[in-house]
Amino acid sequence: MRVIVVGAGQVGSNIAESLADEHDVIVVDINPDKVDSITYSLDVLTIEGDGTSIETLQKAGIEKADLVIASTDIDETNIVVCGAAKAVGSPFTIARVKKTNLLRTWEHSAGAFGVDFMVCTNLQTAETIVRIAGLPGAHDVDSFAGGLVRMAEFEVVPESPIAGETVSEADRYESLTFAALLRDDDVVIPTGDTVIRAGDAVVVIGSGESVRAFAGSLTPEPSLEDVNEIVIVGGGEIGYQTARLLEAEGIDPRLVERDPQRARTVAEELPETLVLQSDATDIDFLVREHVGESDLVVAALESDEKNLLVSLLAKRIGVERTIGVVDAGEYVDLFETVGIDVGVNPRLVTAEEITRFTRERETENVAMLESDRAEVLEIEIDRDSLLFENRIGGAMGELPDGVVIGAITRDDTVITPRGDTVIEGGDHVIVFVDTDVLDQVTRAL
């Protein structure tokens with residue numbers, strides 16, 4: 001496809017990098033420094049100019065474009081870009097927005113704004129937080145086959161019970177596949193004899209029950225079904241959406257908001273959430289409200305530094321697990337090292353969702369791991385697939401290294417793949433793929 005990405009910030013850069021190998025990508029930005037940066041870092045065509053301008057879009061070849069992705073930091077600009085693109089061409093348009101009300105308006109008005117698909121950063125971030133909160137110790141979680149299959153990534157710490165074990169020793173669950181180990185900059189496809197080291201990230205795929213059981217063996221922290229208390233710090237849009245989604249899961253969280261008017265608004269709109277109007281960076285307040293007894297603290301303030309501070313204070317008074325919003329992507333690893341158990345970067349979450357959507361036009365579902373070092377694909381098998389009516393053991397010999405079949409679903413049943421398993425037409429196969437061989441594997445399957 002010919003893809004025009006308007007906005008060369010973190011979101012646009014990640015999208016362009018993910019699509020550049022398979023498509024002709026043109027990146028447009030009004031900031032010359034960002035244009036220069038992406039020119040030297042990615043194999044894409046760059047144009048300095050205003051993406052809302054018809055002239056700029058024409059210079060980018062809008063008449064021949066198949067897809068336009070508007071990913072600047074300004075909601076209204078992204079909507080105008082999509083409308084302008086539709087005015088002079090017929091591309092599929094994707095707009096990134098932060099305001100949830102714009103998403104709701106678009107959802108209730110078919111074709112509104114000239115936008116074909118809209119991604120809301122704040123909502124996507126909240127959904128990511130809730131998914132991670134639901135699986136203790138997980139750094140990444142995704143569902144496939146209508147929720148029958150889960151993929152999760154866990155960091156192996158030195159005190160982990162599986163550190164030093166072989167994959168065969170660690171594999172104590174009937175419907176669980178150890179898909180990969182992410183070790184430093186390498187993707188390791190494990191065999192039964194592969195030793196799991198402290199510092200590895202282990203990717204598992206299997207039924208929801210087996211993945212939850214595996215998570216429980218790694219950490220004593222409770223899952224969402226068992227939590228007694230979740231505290232959300234920050235009543236902005238991300239904090240509000242997180243509380244709303246937790247209410248939908250049957251959980252009554254507490255939410256701390258400093259601004260009296262915002263606290264009152266949130267309290268009125270979230271009947272099952274106890275809203276406390278106070279400053280969560282005040283340790284006396286945290287102690288007085290017994291925040292240290294909570295199972296999880298979600299730091300969703302507007303400032304990365306304050307989210308780190310809240311997480312450190314929560315840890316100091318006894319909270320076992322913290323999830324923090326980290327707006328600056330370059331700080332995620334640092335913050336996870338010094339105080340936040342899991343850092344969620346809204347821009348990266350948004351970029352992954354947009355890239356996922358473009359890939360889902362070819363597959364049923366996609367999850368990206370470690371900034372697109374690897375992907376997990378859900379593929380419905382038809383006659384054109386290498387796997388059709390073939391034994392897994394035989395088919396794997398025709399696929400490159402870096403591929404693991406993690407699970408199969410057939411008639412709402414999860415099948416654990418084995419070498420002699422025969423895959424039938426209509427089966428949904430969940431496959432772990434190293435990005436280096438993604439194109440080859442996608443064509444074969």
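Student: Hi! How do strand 7 and strand 8 pair?
Tutor: Strand 7 and strand 8 pair in the antiparallel sense, over six bridges. Two strands count as paired if DSSP finds at least two bridges between them. Strands themselves are DSSP runs of E with at least two residues, helices are runs of H or I with at least four, and both are numbered from the N terminus.

Student: Before I go on, what kind of model is this, and how are residues numbered?
Tutor: This is a predicted model, where local features need pLDDT of at least 70 and side-chain atom pairs count only at pLDDT 80 or more, while totals for chains, interfaces and linings use all residues. Residues are numbered from 1 along each chain as its sequence is written, and side-chain values use heavy atoms, with hydrogens and water left out.

Student: Thanks. Back to that pair: which residue stands opposite Ser-143 in strand 8?
Tutor: That is Arg-150. The two strands form a hairpin with four residues between them, and Ala-145 in the turn has a positive phi of about 50°.

Student: Is strand 7 largely enclosed or left open?
Tutor: Strand 7 is largely enclosed by the rest of the structure, because five of its seven residues are buried. Buried means under 20% relative accessible area, exposed means over 50%, and partly exposed is in between, using a 1.4 Å probe and protein chains only.

Student: What's the strand order in the sheet with strand 7?
Tutor: The order is 7-8-11-9-10, an open sheet of five strands with antiparallel pairing. Strand 7 (138-144) and strand 10 (186-188) stand at the edges with a single partner strand each, so one side of each has no neighbour in the sheet. Neighbouring strands are turned by 20° against each other on average, direction ignored. For angles in general here, axes are lines fitted to C-alpha atoms, for helices over the stretch in contact, and angles run from 0 to 180 degrees between N-to-C directions.

Student: How many bridges join strand 8 to strand 11?
Tutor: Seven, between residues 149-155 and residues 201-207, and the strands run antiparallel. Within that pairing, Glu-153 stands opposite Val-203 in strand 11.

Student: Which strands does helix 8 lie across?
Tutor: Helix 8 (residues 208-218) lies across strand 8, strand 9 (176-183) and strand 11. It runs at about 145° to strand 11. Contact here means heavy atoms within 4.5 Å.

Student: New topic, the other open sheet. What is the order with strand 18 in it?
Tutor: That open sheet of five strands has the order 18-19-24-21-22, with antiparallel pairing. Strand 18 (365-369) and strand 22 (413-415) are the edge strands, each with a single partner strand, so one side of each is left without a neighbour in the sheet. The twist averages 20° from one strand to the next.

Student: How many bridges join strand 18 to strand 19?
Tutor: Five, with strand 19 covering residues 374-380 and the two running antiparallel. Leu-369 stands opposite Ala-374 in strand 19.

Student: And strand 21, mostly covered or mostly uncovered?
Tutor: Strand 21 (residues 403-410) is mostly covered, with seven of its eight residues buried. Strand 21 pairs with strand 24 (residues 428-434) in the antiparallel sense over six bridges, and Val-404 stands opposite Phe-432 there.

Student: What about its link to strand 22?
Tutor: Three bridges join strand 21 to strand 22, again antiparallel. Arg-410 has Thr-413 as its bridge partner in strand 22. This hairpin has two residues between the strands, and Asp-411 takes a positive phi near 55°.

Student: Let's try a helix. How far does helix 4 reach?
Tutor: Helix 4 (residues 75-88) has 14 residues and reaches 21 Å from its first C-alpha to its last. That is close to the 20 Å expected at 1.5 Å a residue, where the expected span is 1.5 Å times one less than the number of residues.

Student: Which of its residues are buried?
Tutor: Asp-75, Asn-78, Ile-79, Val-81, Cys-82, Ala-84 and Ala-85. These buried residues pack against strand 1 (2-6), helix 3 (54-59), strand 4 (67-70), strand 5 (92-97) and helix 5 (100-107).

Student: One last spot: where is Ala-328 found?
Tutor: Ala-328 is in the loop between strand 16 (321-325) and helix 13 (332-338). Ala-328 is buried, with a relative accessible area of 17%. Leaving aside neighbours within four places in sequence, Ala-328 is in contact with Asp-304 and Asn-345.
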